[in-house]
Structure formats: C-alpha cells, structure tokens
Amino acid sequence: MGSNMITHFDLIAILPEIFLLGLIAIVMIVDVFRKKQINGNTISWITFLGLLIIILVTLLFLSPGNTTRYAWGGMMRVDAASFTFQLIVMIGAAITTLFSMYHQEVNDKGEYFAMLLLSVIGMSMMAASSNIILLYLAIETTAIPLYVLVGFLTNNNFSIESGLKYFLFGAFTSAVLLYGFSLLYGFTGSTHFTEILAAIEAGKISTGLLVFILLLTIVGFGAKISGFPFHFWAPDAYQGAPTPITGYLSTASKAIGFVVIMRFMVSIFSPEPQSWTLLLALMATASMFVGNLLALVQKDIKRMFAYSSIAHAGYILIGVASGTALGFKASMYYLLAYLFTNLAVFGVIHIVEKSKKSSEIESFHGLMQRSPGIALVFLIAVLSLAGIPPFGGFVSKVLVFMAAMDAGLIWLLIIGIVNSIIALYYYLTVLRITFADSEESKSQTIYLGWKLALSVCVIGIILMGVIFTPWLNWLEVASTNLMLLH
Amino acid sequence: MDFPILSVTIFIPLIAGLIILLFGRQKPGWIRPIALAASSLVLALTLIIWASYSIEKAGYQFTEYLPWLPQLGISYHLGVDGIGVAMLVMTGLVVFSGVMVSWNIDNRPNEFFSYLMFLATSVLGVFSSLDLFLLFFFLELAVFPKYLMIVIWGYPKTRNYGGMKLTLYLFIGSVLALIGALAIYQASPEKTFDLLLLENTAFSVEMQRIWFPFVFLGFAILGGIFPFHSWAPDGHVAAPTAISMLLAGVEMKVGVFAALRVGIMLLPEGARHWATWIMVLATINVVYGAFIAMIQKDFKYVIGFSSVSHMGLVLIGFASLNYNGLLGAGLQMFSHGVMTALFFSIVGMVYDRTHTRDIASLGGLYKVMPWAMVGFIVGGLVSMGMPGLSGFIAEIPIYMGVWQVAPVVAIISVISIVVTAAYILLVVRKVFFGELPKEFEGKVKDITAKDKIVIGLLSLFMIAIGLVPSLMVPLIETGVNHILAILGGA
C-alpha cells in the first residue's frame with residue numbers, strides 16, 4: 001500500500017477483467033459488422049469461447065496459491081477466495097451463454113452478451129474488493145447490467161415489469177448500503193477494510209453505532225443473496241427474466257453476494273462476532289421457512305424454484321452464520337455445488353419452456369417419456385437440491401449442518417433439517433409430474449450448446465457428490481485466507 | 001489386497017441399473033435378462049459371503065478401507081459382522097425374488113428394473129457400511145427409487161398419497177438420525193465417522209442419554225416403531241409387488257439394523273437409559289399391529305400391519321439388551337424379511353389374477369393356484385411361530401430374553417401370537433378355501449413357473465433354518481456376543 005506507481009502485480013490482478021473488457025469489445029464490433037441472421041448463434045459462440053479461454057488462462061496462470069496480496073494500493077485483495085469466486089462467476093456466465101443460444105429474442109443481440117460480460121466484470125471485482133468505494137462501484141457495475149438483462153424481453157410486458165421491480169428494489173437497497181458505508185468512512189476516516197478494522201478495534205465507533213451500520217449493510221447484501229426480508233424482488237425477477245438469466249441470477253450473482261458478506265463481516269465486524277452471526281442465523285431461519293413454505297403453493301415452475309432459491313440462501317447462510325473456517329468452507333462448497341445444480345435446473349426449465357411455450361409446472365407432465373435425457377438431468381439436479389446422494393447437494397447440506405453443530409448452533413441445525421423435509425415434499429411433487437405416465441411422445445429438440453451445458457452441469461453435480469477431497473482442500477485454502485485479517 | 005467382495009456385491013446392481021436405464025429403450029429384450037443376471041449374481045455373492053464368513057474369527061470381516069475425506073474423518077469403510085451377513089443374504093433373496101415376480105411388468109420396464117437395482121444397491125450398502133457418513137450416503141440413495149416406483153407403478157388410487165407419506169416418513173426418520181450422528185461425530189475425540197473407532201469411544205453418560213433418542217428413534221421410524229408406523233401399511237399397499245417386498249422385507253430391516261448399529265452399539269449407556277421406553281412402544285407395536293391386522297378387509301393391509309406387529313418383536317428383542325433378546329431379534333430380522341417378502345409376493349400374484357384384494361370377494365383359490373396356497377400357509381406358520389420353522393427359533397429367544405427383564409411385557413406381547421394365528425387362519429380360510437367365486441371360474445389362471453420358483457426358494461430358507469437352526473444361529477451369535485461385549489464394557 002502507499003505506492004502511487006502501477007506495479008506489474010496490479011495489472012496481473014485485473015488481468016481477467018482486462019480480458020473480459022476485450023471480449024466485450026470484440027462482441028460489440030462483430031455485432032456491428034456481421035450479417036444479421038434470424039437464428040444465428042455466432043455471437044453466443046464467440047462469447048462462450050472467449051469466456052472459456054479466459055477461464056483457462058485464469059485457472060492455469062493466475063492462481064494465487066496460498067498467498068494473500070493486495071493490489072491497486074490496497075483496493076483489491078488477491079487471494080484464493082477471490083480467485084475461486086471469479087472462476088465460479090465465469091463458469092456460470094459461460095454456461096448461461098450456452099443456454100442463451102437458440103433463444104430467438106436474445107441470441108442475436110450483441111448487447112445481451114455485452115451486458116452479461118459486464119456483470120461478470122463487476123462480480124469479479126466484488127469478489128476481490130477490500131475497499132468500500134471499490135466494493136460499492138463493483139456492486140453497481142454488476143447490478144445495472146443485471147437490471148437490463150432481467151427486463152430484456154422488450155415485447156413481453158411481464159419481463160419489463162420484473163426488470164423495473166428489480167431495479168427499484170436494487171437501487172433502494174444499494175442506497176441503504178451506501179449510507180452504511182458513508183458512516184463507516186465518516187467515523188474511521190478510511191475506506192480500506194484493514195484500516196477501518198484497526199479504527200474499530202481502537203474504539204472509534206461505539207458498539208451501538210457499529211450494530212446500526214451492520215444493519216444497514218445487511219440490507220444491501222441481503223438483497224444480493226435474496227435472503228429474507230430482502231427477497232421480494234426475487235420471485236418476480238426470476239419469473240420475468242429470460243430463463244438463462246434466471247439461472248445466472250440464482251447462482252453466480254448469489255455466490256458473489258455470499259463471498260462479499262463473508263469477507264465484509266470478517267473484515268469489518270470481527271470485534272462484534274455475536275451480533276453479525278446472530279443476525280445472519282435469524283436471516284437463515286426466516287429465508288428457509290419463507291422460501292420453502294411459499295414454494296409449496298406455486299403453480300409456475302420458475303417461481304417455485306425462485307422460492308426454492310431463497311430457501312437455499314438460508315441453508316448457505318447456516319454455514320456463514322457459524323462464523324468459523326469450517327462454516328465458510330461448507331458455504332463455499334454449497335455455492336459451488338449449487339452453481340452446477342441450479343444452472344441445470346433452469347437450463348431444463350428453459351428447454352421445456354421453449355417447446356411448451358409455458359412455464360406452468362404442468363408443462364413438465366410426462367417429460368420422462370418425451371425426452372428421457374433431460375428428464376434424467378432434471379432428476380439429478382432436483383435430487384441434488386433436495387440433498388440426496390450421490391449428488392453435490394447432499395455433501396453440501398451435511399457440511400453446513402456439521403458446521404452448525406460445530407459452532408454449537410444446534411437450534412439452527414434442527415431448523416435446517418425441518419426445512420429439508422418441507423422442501424423434499426415439493427421437489428418430489430415436481431419429480432412425480434416429470435415422471436408421470438403420458439401419451440404424448442413428441443420429443444424436445446435439444447441443441448448442441450444445451451447438451452454441452454447440461455453435461456458440464458451433470459458432471460459437476462456428480463463429481464462434487466462423490467469425490468470431495470480435491471475441492472474441499474482448495475476451499476480450505478480459500479476459507480482460511482478469507483479469515484486472515486491482515 | 002483381497003477380492004473386494006462387498007464392493008462388488010453393492011455395485012453390481014448399480015451398474016446393471018445404469019445400463020438398463022441408459023440402453024433399455026433401444027434394447028427392450030435385454031432389460032429383464034440383465035436384471036435377472038445382476039440379481040442372481042448378488043444372491044450368489046451373498047451366499048458365498050455367508051459360506052466363507054468365519055464364525056471362529058467372528059467380528060467384522062471382508063473389510064475394505066479407502067480414505068474418502070480424511071480431513072473430516074470420512075472413509076469408504078465396508079465390513080460385515082454375523083448379523084450383517086444374515087441381512088445381506090436376506091437382501092439377496094428378496095431382490096432376486098423381486099425381479100422374478102416383476103417379470104411381466106410391461107409399463108416402462110427399463111425404468112422399473114433400473115430403479116429396483118438402485119434400491120438394491122442402497123440397502124446392500126447400508127448393511128455393509130462401517131462408516132457413519134457412508135451409511136447415510138447409501139440410506140438416502142433409496143429416496144428417489146422408492147418414491148418414483150410407488151407413484152409410477154403403484155396402486156392408482158392411493159399411490160400419490162402412500163408414496164409421499166412413505167418417503168417423507170422415512171426421510172424424517174433418517175434426518176432425525178442424522179442430527180444424532182452429527183452429535184456423535186462432534187463428541188468423538190478423533191472427529192471421525194468411522195464406526196469401529198466410535199464403538200471404542202466411551203462417550204459421556206449425559207451425552208449418550210441426550211442423543212440416543214434421536215439416533216434410535218430416527219432409525220426405528222424406518223423400522224415402523226409406534227406411533228410412527230402408519231407409513232408402513234399405507235406405503236406397502238400403494239407400492240407395486242416387488243417394492244412392497246423390498247420395503248417391508250428389507251427396508252424396515254435397514255431401519256432396525258441401523259438403530260442397532262448406530263444407536264445401541266455406539267451409545268450403550270443411552271440404550272440402557274431408554275430401554276423401558278423402547279419396550280413400551282415396541283409392545284404397543286406388537287399387540288396393536290396384530291389386532292389392527294385382524295380387522296382389515298384388504299388382503300394387502302393385513303400383511304402390512306402384520307409387519308408392524310413383527311417388527312415390534314425385533315425392537316422388544318433389542319430393548320431386552322441381553323443375549324436371548326438380541327439373538328432372537330437378529331433371527332427375527334432375517335426370518336421376517338423372508339416371510340414378509342413371500343407374503344407380499346403371493347398377495348401380488350393373487351391381485352394380478354383376480355384384480356381385487358378385498359378378502360370378502362376372494363375364495364377357493366387353492367383350486368387354481370395351489371402353490372400360492374402352500375406358500376402362504378408356510379409363511380403363515382412362520383408368522384405364528386410354529387416349531388420347525390424359522391419364526392419359532394426367532395420368537396422363542398425374544399420371549400425368553402424379555403422374560404428375564406420384564407415378564408409383564410412378555411405376557412402382554414404373547415397375546416399377539418394368538419391374534420396372529422387368528423388373522424392368518426382367517427385369511428387362509430377366506431382367500432384360499434371355500435367356494436371359488438363364479439366370476440373367477442375359468443378366468444383366474446395358475447401362477448407362473450417363475451412365481452413358483454420364488455415361493456419355493458423363500459419357503460426353503462424358512463424351513464431349512466427352522467429345522468437346522470445351526471445354519472443361522474451361530475452366525476447371529478457372533479454379532480450378538482460383540483454387542484454384549486460393548487454393553488458390558490460400557
């Protein structure tokens with residue numbers, strides 16, 4: 001910190017973002033100069049391949065290993081946690097790109113993919129920021145493209161309405177968050193996490209005020225992960241958005257919200273561990289109950305999985321609320337498994353929705369006999385959500401429950417278990433409909449890009465369900481680095 | 001390294017199931033041969049395990065160990081003791097019979113046989129697990145096959161209700177046990193899920209008393225303990241024949257087996273503390289189940305409630321916590337598994353041909369399906385505890401064991417023998433003897449050769465063990481001695 005020169009390391013730290021910016025430029029230029037086709041997928045393939053290359057470069061050359069370094073004068077913290085979540089976001093975006101193919105309203109539009117990539121840049125910065133100004137800018141860089149993407153189906157009033165709702169809610173919670181940040185700056189005189197923490201430890205902020213700031217920031221972060229009571233935007237936005245974007249919102253966007261919460265709580269509020277863990281534990285409880293109970297009565301499958309996604313935010317919060325390295329590790333594992341699982345769920349919903357022109361649950365009736373392939377993918381993904389082995393969701397749930405037991409939060413563990421029972425009811429109901437007998441035999445068309453995306457998801461779900469050690473070893477590094485304060 | 005016979009036994013059905021699921025649509029002719037081959041192989045392997053288990057050496061044998069997630073104390077650890085061997089053999093028999101009696105399923109056979117195979121993997125895995133995490137892994141694997149099999153191929157009127165009820169009850173039971181299991185993990189000094197290490201850990205008395213009910217009750221729900229038994233009759237009746245056989249025959253044993261392995265063996269002090277309560281609930285199971293079975297009008301519900309009654313005897317045996325009680329419970333687990341599978345298979349055969357399960361409208365079936373009648377009578381005699389059959393050598397030790405600790409319970413539960421005799425004889429008289437109703441004449445055909453093989457095979461085991469108890473008793477004894485050592489040492 002302190003040097004005004006841009007160092008070599010500063011550039012390396014934002015190399016993925018630089019590449020992503022380049023990719024955006026390519027996408028926009030190609031979009032201008034190419035011949036318009038009705039059902040062309042050129043732009044989607046360019047976006048996908050570009051992302052693939054960036055993922056590979058990041059994975060192979062930019063891994064920080066076990067080191068923790070600051071870049072840009074302490075604005076960014078490059079460690080295993082930021083690296084992991086950057087990868088999660090990019091993988092999520094790549095899979096989303098594949099699902100967006102053959103979607104007539106988006107696949108031909110350069111601005112759709114440019115917005116998607118722009119949100120990736122924002123999220124990538126969120127994962128690494130260790131400065132409240134940068135964090136706020138990154139959050140907005142992420143949010144604005146997402147508002148656009150949710151309301152992207154301009155000939156569909158519901159999509160526009162949901163985009164607007166998402167925007168209003170997002171803008172409001174961001175404002176509250178910003179107020180919290182301004183108080184932090186006002187009382188500590190710094191924007192860097194480490195310096196703010198030092199000032200808090202030196203007693204510059206009274207406990208009452210600190211708890212007030214905590215509440216303000218929780219409003220902003222709670223909305224990002226769609227935790228109760230800041231979840232109101234989610235069902236509408238999930239239902240109205242183009243389905244690939246729904247998948248993206250529920251996985252990548254949520255994952256980044258969580259890593260920011262973990263980093264921020266540990267970095268800023270470590271002198272007050274009881275208040276933030278209790279607050280998050282309460283939020284977990286409410287999110288699980290609200291999400292699962294409301295999912296029970298839904299008729300629209302996208303809405304049902306929107307509520308399910310709120311409930312899952314609750315399960316993940318169990319790990320965060322335990323406030324230990326084990327808990328963080330469990331939550332990260334959960335997020336990684338959830339990435340593949342929920343992308344697969346919304347991918348299948350997208351495919352069925354396209355052929356049935358409806359996202360009612362009934363449009364899944366007899367899917368197993370129409371298209372056994374995607375019905376089996378759906379089975380795997382839903383079972384993983386329900387926490388059934390041998391899929392990633394089972395291990396994730398056991399890990400967060402272990403973390404709760406380890407932290408002495410037995411009441412939270414029991415609430416989590418009660419909720420997995422409630423959730424099993426509607427997951428099984430959906431599966432029953434999917435596997436019901438049906439006369440209809442017209443099979444779904446499944447394009448190459450979709451097949452590729454679904455295969456990646458299924459492999460991810462199963463790998464995370466039967467082989468745990470490599471991923472957990474990696475997340476062990478990420479979670480312990482995240483907990484290091486200096 | 002030795003031949004990993006347990007892994008092979010567990011994963012043969014899984015692989016066969018995957019092959020059937022993925023390729024069964026293109027090659028429908030291969031589905032049944034593959035399922036039959038896999039189940040025969042499993043039966044053969046379980047018989048080999050039985051034959052080569054060394055009674056002198058006792059303890060856990062055929063062990064396999066692979067670290068899975070060492071940093072959290074999770075390993076792929078397999079091995080069986082005497083009771084586990086008996087359970088594997090019983091599973092082998094029931095799975096084989098299940099494939100045989102389902103031969104004529106023609107609605108989506110590829111899915112049916114593959115889910116049946118997945119279910120087999122799940123139960124074989126639970127009986128062989130020596131790691132608590134692995135045990136839950138295998139246990140939860142069964143959730144979707146059993147649910148889907150009931151709602152797709154079950155009895156149309158009740159399948160949605162029965163399937164959901166059964167699956168949710170079993171899930172509630174298993175997650176309740178999971179809470180206890182995590183508490184055991186947390187309390188263990190090595191932070192391990194390994195059952196062998198946990199067996200040798202002396203947990204504090206207070207901890208055992210708090211967490212024992214979670215583990216034991218959770219698993220006992222799977223075994224149909226009162227007042228959480230109602231899933232069993234509803235679920236079994238809604239299920240297709242092969243699944244009724246597997247659920248009542250094997251899955252209920254999975255519950256009590258895990259209750260024994262995890263509840264009593266890991267938390268012996270907790271078991272001693274709560275034994276009276278288990279005894280009370282189990283006695284209600286035995287007597288209430290028998291009386292309710294007697295007043296049923298539906299053939300399949302009679303068998304469903306008789307399972308509830310007989311599983312109560314297993315739990316009474318556990319709760320007596322002495323040599324006789326545990327020995328009888330182990331034998332009863334085997335005997336009841338085979339017996340109830342036989343019952344459900346015959347109920348299925350009768351229903352497939354008459355299309356009714358209403359006892360009042362059945363009759364005189366001995367004329368058209370004599371084999372079914374013989375099989376049902378053999379099963380009935382086992383159920384009543386008639387000497388010379390496996391039911392006798394299982395039930396007598398249970399009553400002896402419970403007499404030592406609570407004579408009142410023995411006296412009350414003995415009532416069930418009379419009631420059992422009453423309902424079995426009633427059913428036999430109504431369904432198989434008397435006049436064949438007019439509408440069945442000429443229409444109801446005899447059962448197939450495959451059905452006869454099933455009846456013959458299952459009856460053979462019950463008679464053989466009844467006549468030559470030494471086939472099974474020493475095997476169970478090795479397991480019981482180990483449990484007694486744990487109980488004595490605590």
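Here a student and an author talk through a predicted model with chains A and B, one label at a time.

Reader: What makes chain A count as a compact globule?

Author: Its radius of gyration is the clue. A compact globule with 486 residues would come out near 23 Å, and chain A has 21 Å, which agrees. The C-alpha atoms fill a box of roughly 70 × 55 × 40 Å along the principal axes. Inside chain A you'll find 20 helices and two strands, and buried residues make up 59% of the 486.

Reader: How do you know that helix 9 of chain A has the length a helix should have?

Author: Just try the ruler. Its 18 residues, 207-224, should span 26 Å at 1.5 Å a residue, and the end C-alpha atoms are 26 Å apart, so the two agree. There is still a bend of about 25 degrees at Ile218(A).

Reader: And what covers the buried residues of that helix?

Author: The cover includes helix 7 (157-188), helix 8 (193-201), helix 11 (243-269) and helix 12 (273-295) of chain A. Among the buried residues of helix 9 are Leu210(A), Ile213(A), Ile218(A) and Phe221(A). Right after helix 9 comes Ser226(A), with a positive phi near 50 degrees.

Reader: Why is the bond from Phe228(A) to Pro229(A) called cis?

Author: Look at omega: for that bond it is near 0 degrees. Most peptide bonds are trans. Pro229(A) lies in the loop between helix 9 and helix 10 (233-240) of chain A. Chain B has a cis bond too, joining Phe226(B) and Pro227(B), with omega about 0 degrees. Pro227(B) sits in the loop between helix 9 (205-222) and helix 10 (231-238) of chain B.

Reader: Where do the two chains meet, and which element of chain A gives the largest share?

Author: 26 residues of chain A are in contact with 23 residues of chain B. On the chain A side, helix 16 (372-386), helix 17 (392-406), helix 18 (410-434) and helix 20 (469-483) each give two or more residues. Helix 18 has the largest share, with 10 residues. By class, that side has 21 nonpolar, two polar and three charged residues.

Reader: What makes strands 1 and 2 of chain B a pair?

Author: Two bridges are enough for a pair, and these strands have six, running antiparallel. One of the links is Pro67(B) with Ser75(B). The strands form a hairpin with four residues between them, and Gly73(B) in the turn has a positive phi of about 70 degrees.

Reader: How do you know that strand 2 of chain B is largely enclosed?

Author: Five of its seven residues, 74-80, are buried, so the rest of the structure largely encloses it.

Reader: Why is Phe62(B) called buried but Ala58(B) partly exposed?

Author: Count C-beta neighbours. Buried takes 20 or more within 10 Å, exposed 12 or fewer, and partly exposed is in between. Phe62(B) has 21, so it is buried. Ala58(B) has 17, so it counts as partly exposed. Phe62(B) lies in strand 1, while Ala58(B) is in the loop between helix 2 (31-52) and strand 1 of chain B. Neither is a glycine, yet phi is positive: near 55 degrees for Phe62(B) and about 55 degrees for Ala58(B). Most residues other than glycine have a negative phi.

Reader: What about Leu487(B), is it buried or partly exposed?

Author: Partly exposed, because it has 17 C-beta neighbours inside 10 Å. Leu487(B) belongs to helix 19 (residues 473-489) of chain B. Leaving aside neighbours within four places in sequence, Leu487(B) is in contact with Pro268(B) and Leu321(B).

Key: Residues are numbered from 1 along each chain as its sequence is written. Chains are lettered from A and ligands numbered from 1 in the order in which they are written. This is a predicted model: local features need pLDDT of at least 70, side-chain atom pairs count only at pLDDT 80 or more; totals for chains, interfaces and linings use all residues. The radius of gyration is taken over C-alpha atoms; the globule rule is 2.2 Å times the number of residues to the power 0.38. The expected span of a helix is 1.5 Å times one less than its number of residues. The bend at a residue is the angle between axes fitted to the seven residues ending there and the seven starting there. Two residues are in contact if their C-beta atoms, placed from the backbone, lie within 7 Å. Ala, Val, Leu, Ile, Met, Phe, Trp, Tyr, Cys and Pro count as nonpolar, Asp, Glu, Lys and Arg as charged, and the others, Gly among them, as polar.
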